[in-house]
Amino acid sequence: MGGNAAEAHPCGFKWVIEAKQHRRAKLVVVDPRFTRSAAMSDYYAPIRPGSDIAFLGGVINYLIANDKIQHEYVKNYTNAPFIVGDNFSFEDGIFSGYDETKRKYDNKQWGYALDDKGFAKVDPTLQDPRCVYQLMKAHYSRYTPEMVSKVTGTPKEKFLKVCEHIASTSTPTSTMTIMYALGWTQHTIGSQIIRTGAMVQLLLGNIGVAGGGMNALRGHSNIQGLTDLGLLSNSLPGYLSLPTEAEQDLETYYKPRALKPLRPNQMSYWQNYPKFFVSLQKAWWGKAATAENNWAFDYLPKIDKVYDVLQAFELMNQGKINGYICQGFNPVGSFPNKKKIISGLSKLKYLVVIDPLNTETAEFWKNYGEFNDVKSEDIQTAVFSLPSTCFAEEDGALTNSGRWLQWHWKGAEPPGEAKADPEIIADIFHRMKKAYAKDGGAFPDPIVNLTWPYKIPHSPSVEELAMEYNGKALADVMAPPDPKDPKAPPKVLAKAGEQLAGFGLLRDDGSTSSGCWIYTGAWTQAGNQMARRDNSDPWGIGQTLNWAWAWPANRRILYNAASSKPDGTPWDPTRKLVQWNGIAWSGSDVPDINPAANPGDTDRVQPFIMTAEGVARLYAPTGMAEGPFPEHYEPLESPLVNNPFHPGNAKARMNPAARVFKDDLAAAGTPKDFPYAATSYRLTEHFHYWTKNVLTSAIIQPEQFVEIGEELAKAKGISNGDRVKISSSRTTIQCVAVVTKRIQQLDVDGKKVDIVGLPNHWGFVGVAKPGYLVNSLTPFVGDANTQTPEYKAFTVNIEKA
Amino acid sequence: MEMNRRQFFKVTGAGLSTSTLVALGFSPAPALAETRSFKLAKATETRNTCPYCSVGCGIIMYSVGDKAKNVKSEIFHIEGDPDHPVNRGTLCPKGAGLLDFVHSPNRLKYPQVREAGSKEWKRISWDEAMTRIAKLMKEDRDANFVAKNADGKTVNRWTTTGMLCASASSNETGYITHKVMRSMGMLVFDNQARV
Amino acid sequence: MSSLQSLDIAARSATTTPTPQAREHVVEVAKLIDVSSCIGCKACQVACMEWNDLRDEVGHNAGTYDNPRDLTPQSWTVMRYSEVVMPSNEGERLEWLIRKDGCMHCADPGCLKACPAPGAIVKYENGIVDFISEHCIGCGYCVKGCPFDVPRISKKDDKAYKCSLCADRVSVGLEPACVKTCPTGAIRFGSKEDMHEFAAERVVDLKERGYANAGVYDPQGVGGTHVMYVLQHADKPQIYNNLPADPTISPMVSLWKGVTKPLAVAAMIGAALAGFFHYMKVGPIEDEDDDGPGERRATEEETR
């Protein structure tokens, strides 16, 4: 569900085929389209785009009603026993704490009931009506198979068959993995869809175990790396975050981040936040970051709001942004409502495009006839195009979906005068730094004091940069005093100047630096760990710990202590990850727990060390914008007039906290004009808007098309191969129709709903046949937590051209 | 003679065969067969990672030349790295066609500028491009930097120039880009993880 | 043995001198295509183009995923997609059957039998059937001779082309490019014996999953093939985009070979005509209208 691994991640999908062939695994696919993954499945069920929470909520209801949950796991490793405070409530689709004018929730009303020590109250019997388990049970009791079928369009018997398959993995020795991708993220309720999937997995005891997990099949080769390194409006490297403007000093900044444990003796690893933060500030500002100036806290910008991509183009359209830099990014192709994107770029003073390839963004000002009908002379933006190298022409590391940092090597020189990205960025910076040093300007301090120890200042080497993000000792790093022998001379763990071996060595006193704490260990005194190439798998379960290096601490499976029972022995002895051997945790992976944490202790250390609870959250008292339990809401544009769960409450039709701007909300299409449920997606032959520049890909999938089912084709008089017009409330595009049995008409809420499938990949630049950008059609609306646009569920009309 | 290939086949099909030539000693010597010579024999191998999706498949790039001083390496073949634990030598249709990305006719070779209102690109030098860009950025930052908000709180932010970063670029690129842009106070800053 | 001969040759077109027979302990190879594991990603098509330095035209979408639309001199393998509704335990089940099409490397190759150009088609001891293009006269007999409709004649050089099973890779101990790249392991390569064993395992698995008629496609009408399929519905090969149920070499080719061999008296005429033929096909290179426009179109038809 929510992903099409066969098509989008074929080489990873081979391990699904392997599991089918050698472990007799079953593959179940739930998707609006019968995809290439579905072609490989043991069971397929169709679903209406955007109704995944309804489906998964129905699965939760099924598991509870049929007692198909892994009780020991749920009781011990999730917050099912936690008691929720009195302020939490849910009424006709809206949780407590909602402010309709701001379209925002105040999550203070969702907290746990606390005891006098500040710990959350629990009921291990799970009987308290205010415990998470009971609240969850009540919440999803509405998601009956009949209701699921009504909302999703999945026939009831198919839904139940899928439930049976899923439920079969509730035993401790049977596991299911969920592989999802943009099919779940690109919705106004994307984050909550994924949470619902995670809840299903927790109820089944499938997180932290071999072959389990919620596997995000991420997109670009280094999208994981750039997320880890925090290249997002409100982030800092290593999942630290920028201060808000209310947070004027370190104490208020740390408070919501360095979380104290909510249960006795839990690791609540974010307690170490100050160590990671101070080490980052030392990496960036070195000697200029001192205890006296709060480690240069004020050098960081403080946010008033998230400047995500939708916000950026909204501001651009309002004339509030003057300059924009696109590094290997093609927003004209990738962002929704192309018209709004082009009009935004047209209002800039300057646009800089850094890319190995020509893109639609670089040429947004150029008239390409029907595909980009603009008047160049009216566009006053100066556009710079800077050629960069591609993968083959550079060294460096990429972080894959499994969090492995893999080093790669340069094989040839770039064409013409193309330069590597670090050199381009460094050159711009170096020129600005010189200008600030010479002429001054607005707040030059963070610029002129930025550490710049590189041997060639305008062209830092990748080795220097990798060593910097790993981090080093600025002074000798000492071990804490030994409690058994407090008088012994303190031990030196790392000498001044040495590369650090792990983030456990980071300090908040300024004696260490690290540009990204989770990457500490990537380049140690022993050298570049990311370049390791020993592929041996000594345990025979696919754990190649000496191949490349994975964060954190070379651990391959997160929360792997959950692979053992509360007594420290594995749930499944044939597939051990880590276990307690009487003295320490060990096994085929690096234990994700304090190695000395004895499971026999009262208040033992629980496996979910990053949460303040120590356990996983079925109920999220913080962290989610639209409520602690996922609830089904309709997409902004839906073929339904109401949310069938809350037909009388217009406020609960779409996600009440979604990212949406007034004009876009008003311009949304209605079911009357745009009756068909559309979804956009990728094909295996292409990669986004990139491979239309690649001849081999152009040959095997040359021309833009739209996929529709046989019923819709018949109703509209469309034959296979005809040219058709597809329109949304934004605009109209034209392409070839592929009429297929693989897209079925669904019965939704008493009416027939047809689905229109729109592959991306074509545009006005490239060696493939020119086409319209599919994102001309998609709506400018985003998820409430991630602001990711809703490319997967919108509405269109279709006619023969 | 008005006889095309198909007619020829029809007319002569049952009665003639060039195999009869062999009896007359026409053909065997030149008819010896050789398979196409193996094109990778002494090529230089370089290990890399596929730049498309985040499965992170290992690849081997084969280039002409042994990296001697007088040679310019040219990658002429790419295939999967059989040692890699994830892909074990396999590649999807995009990965298998990486060669055509490296040598795409749409690869950019020189800095260019499109001036305001213009209909075309103009080639410029790196120095000119960098000088102009750095100047534009500094002017914009100096004019629009916000040191304190309306409440008098220190905010030190710059929101009138933004950037989208490449999530197909390396960690080292990502790291230096973040370090540099954040030092300027930039907040309109994202990568493909958002979409 | 010639030093030019890098793989031992078992048979050679239009040649009556016996091929050397001493090296008989050569492993017979085979490519196994497990259709039930094929996701139709076309990585094999790309790997084939890339390895063999081929690039077909950028075509158009004709309402299917099939691109290029057919085998061509530049596309030695293509995926063929069929959407079929099959009966199943729970009523009906939609199946997207995707078959990789290309040369089957028959043990008894119809193309080789039909070929009048000495040494233009060879079969190696390991089972690979290869076109030695410099000897090809472009007559198109191989197209007629092939029970699977695989070879294609190039309009550019009037030579026949098809999959070589990457004989250049196999000869140095590597697997074919398509096999190596296949993301799901739907294409396997090894000794024919091992491929049969692997196929048998797959058939057991498929039967357990409800494909009662799963089986291996290794048609005996052409002496067996060195490219085999595992089919979910081996009883109905036609549903896989017209895979022939019982392929045999055209009777015309058989007749022709059978009758002509004793006709030594025709040798002189044959020589004369063959010389003329060679002139017609290869002689005046600048004569673009050699076949006449009508025949051109017919040849194109064949390659569609």
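What share of the 195 residues of chain B counts as buried? In this predicted model, the figure comes to 54%. Chain B carries six helices and nine strands. As for how far its contacts reach along the sequence, 34% of those with a separation of 6 or more involve residues 24 or more positions apart.

Chain C can be described in the same terms. Its secondary structure adds up to nine helices and eleven strands, and buried residues account for 53% of its 304 residues. Of the chain C contacts with a separation of 6 or more, 64% come from residues 24 or more positions apart. Chain C also has a cis peptide bond, which links Asn67(C) to Pro68(C) with omega at about -15°. Pro68(C) sits in the loop that runs between helix H1 (43-52) and strand E3 (77-88) of chain C.

Now for chain A, where 22 helices and 34 strands turn up. With 801 residues, chain A has a radius of gyration of 27 Å, close to the 28 Å from the globule rule, so it is as compact as a globular protein of that length. Laid out along the principal axes, its C-alpha atoms fill a box of roughly 90 × 70 × 55 Å. Some 60% of the 801 residues are buried. Taking contacts in chain A between residues at least 6 apart in sequence, 70% join residues at least 24 apart.

Helix packing in chain A is worth a look, with H4(A) as the reference. Two packed helices are described by the angle between their axes and the distance between the axes. Helix H4 (residues 52-65) of chain A pairs up with helix H7 (residues 145-152) of chain A, their axes coming within 9 Å and crossing at roughly 165°. Angles over 145 degrees count as roughly antiparallel, so that is how H4(A) runs relative to H7(A). The handedness of the crossing, as H4(A) passes H7(A), is left-handed. On the H4(A) side, the residues involved are Ala54(A), Phe55(A) and Gly58(A), and they meet Pro145(A), Val148(A), Val151(A) and Thr152(A) in H7(A). Sorted by class, this contact between H4(A) and H7(A) is made of five nonpolar and two polar residues, with no charged ones.

H4(A) has another partner in helix H8 (residues 156-167) of chain A; here the axes come within 10 Å and cross at roughly 60°. H4(A) and H8(A) are therefore oblique to each other. In this pair, H4(A) passes H8(A) in a right-handed crossing. The residues that H4(A) brings are Gly58(A), Val59(A), Tyr62(A) and Leu63(A), which meet Phe159(A), Cys163(A), Ile166(A) and Ala167(A) in H8(A). By class, the contact of H4(A) with H8(A) counts seven nonpolar residues, one polar and no charged ones. Gly58(A) takes part in the contact with H7(A) and also in the contact with H8(A).

The loops of chain A hold some backbone details too. The peptide bond from Trp551(A) to Pro552(A) is cis, and its omega is near -10°. Pro552(A) belongs to the loop between strand E22 (549-550) and strand E23 (578-580) of chain A.

Which sign does phi take at Arg403(A), a residue other than glycine? Phi of Arg403(A) is positive, near 65°. Arg403(A) lies in the loop between strand E14 (396-399) and strand E15 (404-408) of chain A. Arg403(A) counts as buried because 21 other C-beta atoms lie within 10 Å. Phe443(A), not a glycine either, has a positive phi of about 35°. The loop that holds Phe443(A) lies between helix H17 (421-439) and helix H18 (445-448) of chain A. With 22 other C-beta atoms within 10 Å, Phe443(A) is therefore buried.

Lys375(A), in turn, is placed in the loop between strand E12 (350-355) and strand E13 (382-387) of chain A. Is Lys375(A) buried or exposed? Lys375(A) has 11 other C-beta atoms within 10 Å, so it is exposed. Between the C-alpha atoms of Lys375(A) and Val736(A) the separation is 28 Å, with their positions 361 residues apart along the chain.

Key:
Residues numbered from 1 in each chain as written. Chains lettered and ligands numbered in written order. Predicted model: local features only at pLDDT ≥ 70, side-chain atom pairs only at ≥ 80, totals over all residues. Axes fitted to C-alpha atoms, helices over the stretch in contact; angles between N-to-C directions. Helix = DSSP H or I, 4+ residues; strand = E, 2+ residues; numbered from the N terminus. Parallel < 35°, antiparallel > 145°, perpendicular 65-115°, else oblique. Left-handed = near helix turned anticlockwise from the far one by under 90°. Contact = placed C-beta atoms within 7 Å. Nonpolar A, V, L, I, M, F, W, Y, C, P; charged D, E, K, R; others polar. Rg over C-alpha atoms; globule rule 2.2 N^0.38 Å. Buried ≥ 20, exposed ≤ 12 C-beta atoms within 10 Å, placed from the backbone.
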